[in-house]
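Colleague: Please take a close look at one part of this model. Then set that part in the whole chain, in words a first-year student can follow.

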Amino acid sequence: MKVILNQDIKGQGKKGQLVEVSDGYARNYLLPKKLAKEATKENINVMQGQKESEEFRKKKELEEAQEIAKQMETLTVKLSAKAGENGKLFGSITSKDVAEALTMQHHIKLDKKKFVLPDGIKTLGTTEVDVKIHTGVTGKLKVQVENL
């Protein structure tokens, strides 16, 4: 019997997949527990429509991410912090600070987890920060730190 899975099932397949299982397994386990639905023409058409809409959504997200990455290459985020005589900051500038400054100065809202700053910025001057905007899309942002 062919069924469309509603959830990931170990040994059978992933959610939304069309699989062939034995009649008894489908009738006695998968269908009563709502883990799958019968693969009728109507259900198969609905599944294909959902896959197409999901692909369209992913494509649109990727295009938006690429556009943001292109925009960020020309931008510079300016921050100010207290520093000692040799240009070393008291404390550090974290990804949260950079994300907030990017939103305030350029109206681009990104999550702080997307910024690759393992130790933060600890010196004055301009630093280039990698930003993982989307899977496979990485942008670079210039962060300029000035003394207060």
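Modeller: I begin with the part that carries a record, then turn to two loop residues, then to the chain as a whole. The model is predicted, so local features need pLDDT of at least 70, side-chain atom pairs count only at pLDDT 80 or more, and totals for chains, interfaces and linings use all residues. Residues are numbered from 1 along each chain as its sequence is written, and side-chain values use heavy atoms, leaving out hydrogens and water.

The part is residues 13-40. An unreviewed UniProt entry annotates this stretch as "domain: Ribosomal protein L9". Such annotations may be inferred rather than shown by experiment; positions follow the numbering used here, and feature names are shortened. Helix accounts for 29% of residues 13-40, and strand for 21%. The end C-alpha atoms of the stretch lie 18 Å apart. Helices here are DSSP runs of H or I with at least four residues; strands are runs of E with at least two, and both are numbered from the N terminus.

Now look at lysine 34. It sits in the loop between helix 1 (23-30) and strand 3 (36-38). Its phi is positive, about 60°, although lysine 34 is not a glycine. Is lysine 34 buried or exposed? It is exposed, because its relative accessible area is 63%. Exposed means over 50%, buried under 20%, and partly exposed in between, with a 1.4 Å probe and protein chains only.

Histidine 107 makes a useful companion. This residue, too, is not a glycine, and its phi is positive, near 60°. Its loop runs between helix 3 (95-106) and strand 6 (115-116). With 69% relative accessibility, histidine 107 counts as exposed.

Step back to the whole chain. It has 3 helices and 9 strands. From the N terminus on, they run β-β-α-β-α-β-β-α-β-β-β-β. The radius of gyration is 25 Å, well over the 15 Å that the globule rule gives for 148 residues, so the chain is more spread out than a compact globule. That radius is taken over C-alpha atoms, and the rule is 2.2 Å times the number of residues to the power 0.38. Along its principal axes, the C-alpha trace spans about 80 × 25 × 20 Å. Buried residues make up 29% of the 148. Take contacts (heavy atoms within 4.5 Å) between residues at least 6 apart in sequence: 48% of them join residues at least 24 apart.
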